[in-house]
Amino acid sequence: MEFDPRRTLLLYAGSSHPELANEVGKHLGVDLSNVEIQHFADGEIYARFLTSVRGADVFVLQTHSRPVNENIVETLIMIDALKRASARRITAVLPYFPYSRQDKKHLAREPISAKLMADLFNAAGANRVMSVDLHAGQIQGFFDVPFDHLTALPLLVEAVREDVGSDVVVVAPDAGEVKDAEKFRRKLGPEAGLAIAHKRRDPRVHDAVDTLGIVGDVAGRVCVLVDDSISTGGTLAAAAESLVANGASKVYAAATHAVLSGGATERLQESPLSKVIVTNSLPIPPEKGFPKLAVVSVGHIIADAIRAVFEDESVSGLFDGDN
Ligand code: R5P
C-alpha cells in the first residue's frame, strides 16, 4: 500500500518542552514546523503559524509543567489558529494531561477540573488527543473525540529490572495505583509479588499524605513503588518509610510524570528510597535533579504513536494491547 502523497504530517511544539518535541521530531524524521508565539504587553498570548497548514495532519506537542495555566491557554490558542487555518486533523499531544488529579468530586461544591480541560480542548478544535499514563484512564471518556492513551510502564519496568532483580515486590502507594502496579508486576515476571500501601489524604488539606500501613508481605524483600506522578514526593517518601518500617530490604520508585513541586527534590533525596526513576514527560530543570533520580525518555513512544495515527495503524498494538 502506498501513502497518499498529498498527506502531510506537521509537528509543532508549544513552549513547555522543546527538548522532548525535538526528540519526537528526530524519531519521526521530521523537523518541527515554525509557529510564532508572543505575548502582548498585558500577558495575553498570540500564536501564528508561519506556513500553510491547510489539509495537513497536525500534531501539537505541549506538556503541562509550570506555568501550567499559561501552557494550557497557549495550547488552546494554537489549536484554535490551526482550526481556522483549515488543518485537516489536529491532534493535541499532551504527555502530562493538565488537572488530571481533579477527575472527580471529593467534597461538595468542588469542580471536576479535568473534565473542564477536556471541554476546553474540544471547544478549541482538537480532533484527537494523545497523552501518557493518565491519573485515571476514565479521563478519556471526558472527550467525544478519539483519545490515544500511551503508557510508559514497559519503559519503567526495563529501567528498574536490573536494579531490583526478580524476587521483588511491586507496591502500589495507594488504592488508585493497584491496577498499574499489577501490570508492572506482571511485566517484571512470575516471581514478583504485589503489595499495597494504605494512604490517607484529608481532602481539605492539599499536598499532604499519611501512609498508615502495608497490605502484603514485604519483610526482607526489595520493593518497587509505582505511581503515575510525583508532585511533592510526599506519597512516595511516606510509603518508602512505611515499607522500611515493615522490613523491606531496599525500596525503589518508578513514576511516569516528574512534577517535582514543593520540596520534592529534597524530600525524595532524604527519603529511604534507593533510586527514583521517572520519564521526561515533563521537563526536569537542573535545580530539580538529585543524585537518586534517573530519567528515561518517552520520546520514541510518542513518536511511534504519532506515526501510527498518521498511517492509520493501531496504537494499542505498540503496547501489545496493554495501554
Ligand atoms: C495521586 O493519587 C497520584 O497518583 C500520586 O500519588 C500523586 O500525584 C503524588 O503526589 P505527591 O507526590 O504530592 O504525594
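This passage describes the two domains of a predicted model and the interface between them. Local features were taken at pLDDT of at least 70 and side-chain atom pairs only at pLDDT 80 or more, whereas totals for chains, interfaces and linings use all residues. Residues are numbered from 1 along each chain as its sequence is written, and side-chain values rest on heavy atoms, with hydrogens and water left out.

The protein is divided into domain 1 (9-151 + 299-318) and domain 2 (153-296), with bounds that come from an automatic or database domain assignment. The C-alpha centres of domain 1 and domain 2 lie 27 Å apart, and the contact (heavy atoms within 4.5 Å) takes 20 residues from domain 1 and 15 residues from domain 2.

About 1500 Å² is buried between domain 1 and domain 2, 57% of it from carbon and sulfur atoms; buried area is the accessible area (1.4 Å probe) that two parts lose on being put together, summed over both. In domain 1, the residues that lose the most area to domain 2 are Tyr96, Arg101 and Asp133, which together give 34% of what that side buries.

Across the interface of domain 1 and domain 2, zero salt bridges were found, the criterion being a side-chain nitrogen of Lys or Arg within 4 Å of a carboxyl oxygen of Asp or Glu. Eight residue pairs, both at pLDDT 80 or more, are in polar contact between domain 1 and domain 2 (a pair of N or O atoms within 3.5 Å; within protein, one must be able to donate a hydrogen and the other to accept it, and residues adjacent in sequence count only if both atoms are side-chain atoms).
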